[in-house]
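Here is a guided look at one protein chain, written for someone who is new to reading structures. Keep the 3D view open and follow along.

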Amino acid sequence: MSTSPYTAIARLLRPQGRKGELLADLLTDFPERFATTTSVLLENASGEPTPATVEGHWFPVGRNAGRVVLKLSGIDSINDAETLQGKLVLVPDTERVALTEDRVWIADLIGCELYHHDRPIGTVMDVHGSESPHGASLLVVKKRDSDDELLIPFVQAYIQSMDLEAKRIEMNLPEGLLEING
C-alpha cells in the first residue's frame, strides 16, 4: 500500500475570492466527496498534517472548470488563503473511497517493482493518466540498471499479477515495447 497513511484529494492553488476561498486542483476521481467530507488535513512542513474543516465548496465553470473552490474554517481573507497556496488537502487512507476490484489507487502503484514475467525492469516512480475514457494510464518506471525512464501502458491485458502489499507488479509486455521505450 501507499507509504503515507494519507491520500491527497486536492492541491490548493491560490485565493479565489475575498473571504478566504481557495481554488484547488482536484486530485481525486471522486469530486462528489466534498459534499460529505468536512474534516480534512492540510499538508504541513513538519510532516504531521494539520486538521482543517471544509465549510463549503463549489465547482467553478469557465477557465477553472474541473477544479474545486474550497472555503476552510478560519481562513477568512485573501492574506489567510495565500498562506495555504501549494498545500495538499489530505484524508486518512481509511477514508478513501472504496474502489471496484479492477481499479487501484495511483499512490499504491508508486514504489512497486515492475517485472516482465520474472525479469526485473524497474521501479514505478509516477503514473501519467489518460484524458481519454478508453486510453491507458502510463507507468513511469525508472529502469533498474540506469537512470533512464520507461513509459509502460498500465492495461489489464498486460497485467499478470499485482501484489500491492509486496509492491510487485508482474506484466507480460508486448514484444519490442522495452526496446522501443529504452
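How many salt bridges does the structure hold? There are 8. A salt bridge here is a side-chain nitrogen of Lys or Arg within 4 Å of a carboxyl oxygen of Asp or Glu.

Before we look at some of them, a bit of housekeeping. This is a predicted model, so local features need pLDDT of at least 70, side-chain atom pairs count only at pLDDT 80 or more, and totals for chains, interfaces and linings use all residues. Residues are numbered from 1 along each chain as its sequence is written, and side-chain values use heavy atoms, with hydrogens and water left out.

## How confident is the prediction?

The term pLDDT stands for the predictor's confidence in each residue, from 0 to 100. The protein chain has a mean pLDDT of 88, and 94% of its residues reach 70 or more. Among its elements, helix H1 (residues 78-82) has the highest mean, 97, while helix H3 (residues 177-181) has the lowest, 76. Where pLDDT is low, the predicted coordinates should not be read in detail. As for the labels, helices (H or I, at least four residues) and strands (E, at least two) are DSSP runs, numbered from the N terminus.

## Back to the salt bridges

Here are three of the pairs, with their N to O distances.

| Pair | N to O distance |
|---|---|
| Arg67 and Asp25 | 2.7 Å |
| Arg96 and Asp108 | 3.2 Å |
| Arg168 and Asp118 | 3.9 Å |

Let's start with the salt bridge between Arg67 and Asp25. This pair ties together distant parts of the chain: Arg67 belongs to strand S5 (residues 67-72) and Asp25 to strand S2 (residues 22-26), 42 residues apart. To say how covered a residue is, we use relative accessible area: buried means under 20%, exposed over 50%, and partly exposed in between (1.4 Å probe, protein chains only). Arg67 is partly exposed at 26%, and Asp25 is partly exposed at 26% too.

Next comes the salt bridge between Arg96 and Asp108. Arg96 sits in the loop between strand S6 (88-92) and helix H2 (106-109), Asp108 is in helix H2, and the two are 12 residues apart. Arg96 counts as buried because its relative accessibility is 15%. Asp108 is buried as well, with a value of 2%.

The third pair in the table is Arg168 and Asp118. Here Arg168 is in strand S12, while Asp118 is in the loop between strand S7 (113-116) and S8, 50 residues away along the chain. Arg168 counts as partly exposed at 28%, whereas Asp118, at 61%, counts as exposed. Elsewhere, salt bridges that share partners join Glu55, Lys71 and Asp76 into one network.

## The sheet

Now find the open sheet of 6 strands, whose order is S10-S9-S8-S7-S12-S11, with mixed pairing. Two strands pair if DSSP finds at least two bridges between them. Why is one side of S10 and of S11 left without a neighbour in the sheet? Strand S10 (149-154) and strand S11 (159-163) stand at the edges and each has a single partner strand, so there is nothing in the sheet on the other side.

Look inside the sheet as well: strand S8 (residues 119-128) and strand S9 (residues 137-143) run antiparallel and are joined by 6 bridges. In S9, Leu139 stands opposite Val127.

Strand S12 (residues 168-171) also holds Glu170. Is Glu170 buried or exposed? Its relative accessibility is 17%, so Glu170 counts as buried. Contact means heavy atoms within 4.5 Å. Leaving out residues up to four places away in sequence, Glu170 touches Tyr115, His117, Asp118, Tyr158, Ile159, Gln160 and Ser161.

## Loops worth a visit

His117, one of those contacts of Glu170, lies in the loop between S7 and S8. Phi of His117 is near 60 degrees, a positive value in a residue other than glycine. His117 counts as partly exposed, at 34% relative accessibility.

The loop between S11 and S12 contains Lys167, and phi of Lys167 is also near 60 degrees. Lys167 counts as buried at 17%. Glu165 is found in the loop between S11 and S12, but Glu165 is exposed, with 65%. The C-alpha atoms of Glu165 and Asp108 are separated by 8.6 Å, although these residues are 57 residues apart along the chain.
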